[in-house]
Amino acid sequence: MNSVLIQAGLAVGLLILGYLFGTIAEKRHYKKIRQREASSAHLPVIASRYPPEDRIYEQRLVRGEVVISSDYFKGFLAGLVNFFGGRVTPFESLLDRARREAILRMKERASEQGAAYVFNIKFDTTRIATGRLAAMEVLAYGTAMVPSAETGPTLDDAVGGMLLNNSDAMTTNTQI
Amino acid sequence: MHTTEGSILLISNLEFLPGRTVNKHLGLVQGSSVRSKHVGRDIAASFKNFFGGELKGYTELLADSRDEATERMLEQAKSIGANAVLNIRYSTSSIAAGAAEIFVYGTAVELVDQPGTHE
């Protein structure tokens with residue numbers, strides 16, 4: 001009898017803790033996401049397979065990934081919703097956060113390299129099994145389009161070159 | 001060709017590059033990696049599971065595995081004489097508790113500058 005009470009108490013305690021910490025973490029995360037989205041708005045992410053032809057770009061693969069865990073309260077709530085059917089909003093917000101975070105990380109890597117666009121963004125979402133509760137991995141990847149100097153790059157520069165201070169190397173070279 | 005030992009290959013998930021043409025298709029190249037974390041990390045992650053949030057250990061694990069899989073794919077591409085891998089796709093499957101397989105594939109090609117585009 002006693003052990004049943006202890007278990008019930010523990011479950012309620014975890015629910016409350018999960019709710020408090022989870023809600024605080026989610027609010028804080030959304031605030032950060034909005035700030036970073038605003039500050040990286042100059043770098044458009046485009047879901048197109050066709051690269052722009054207005055000038056010469058170098059292409060580089062960039063990725064962003066995040067593994068995000070749900071909390072005890074979300075898990076419980078999702079269980080309830082699952083029973084009655086309908087939108088599982090606790091997990092919707094979880095995946096929304098993860099996806100936006102992954103895009104932001106990808107954009108950060110792209111802008112470090114001086115990209116003007118990220119093209120052909122693709123997502124990959126996987127459930128990572130950790131115990132009973134859900135943890136999801138979201139991967140976002142795309143091609144960072146890094147503008148070359150006006151004269152246009154050689155194949156060598158695109159293949160082996162770093163963008164850093166190689167603007168003088170961007171001359172037409174037809175040794176191929 | 002310019003491709004030398006140890007040079008970085010051009011990798012992209014687009015299918016073509018303005019100003020360059022595919023001289024030769026060299027076929028599919030692929031790389032994979034299966035990794036898992038030690039028990040300590042798993043326990044730490046299961047605690048984190050109660051409160052929610054990012055599981056940094058797992059994020060790093062998957063990022064490292066993806067780097068490794070990509071590296072393997074590039075080695076394969078180099079060994080068949082490619083200077084670029086186009087149309088890259090990633091795929092992830094969780095195969096057991098705390099272990100995931102990363103698979104990456106793309107088309108190995110030999111690219112050349114299109115004559116007359118860089119004038």
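**A pocket, a cavity and the confidence behind them**

In this predicted model, the second largest pocket encloses about 410 Å³ of space. Its lining is made up of 17 residues, and those closest to its centre are A:Ala25, A:His29 and A:Lys32, together with B:Gly53 and B:Glu54. Both chains therefore appear in this lining, as lining residues have an atom within 4 Å of a point of the pocket. Looking at the elements behind these residues, one finds that helix H1 (2-39), strand E2 (57-71) and helix H3 (89-112) of chain A, along with strand E3 (52-54) of chain B, each provide at least two residues of the lining. The most comes from H1(A), which gives seven residues. Sorted by class, the lining of this second largest pocket has nine charged residues, five nonpolar and three polar.

The structure also holds one cavity of 30 Å³ or more, and the space in the largest cavity is about 50 Å³. Around the largest cavity stand A:Pro52, A:Arg55, A:Ile56, A:Tyr57, A:Gln59 and A:Met145 from chain A, with B:Leu17 and B:Pro18 from chain B. By class, six residues of this cavity lining are nonpolar, one is polar and one is charged.

How confident is the predictor in chain A? The mean pLDDT of chain A is 80, and 80% of its residues reach 70 or more. Among the elements of this chain, H3(A) has the highest mean pLDDT, at 93, whereas helix H4 (residues 155-160) has the lowest, at 43. Over residues 151-176 of chain A, pLDDT stays under 50, although the model has 58 contacts beyond four places in sequence for these residues.

Methods. Residues numbered from 1 in each chain as written. Chains lettered and ligands numbered in written order. Predicted model: local features only at pLDDT ≥ 70, side-chain atom pairs only at ≥ 80, totals over all residues. Heavy atoms only, no water. 1 Å grid on protein atoms, 1.4 Å probe; cavity = no way out; pocket = protein on both sides within 12 Å on 5 of 7 lines; lining within 4 Å. Points joined across faces, edges and corners; volume = space filled by probe spheres on them. Helix = DSSP H or I, 4+ residues; strand = E, 2+ residues; numbered from the N terminus. Nonpolar A, V, L, I, M, F, W, Y, C, P; charged D, E, K, R; others polar. pLDDT = per-residue confidence, 0-100. Contact = heavy atoms within 4.5 Å.
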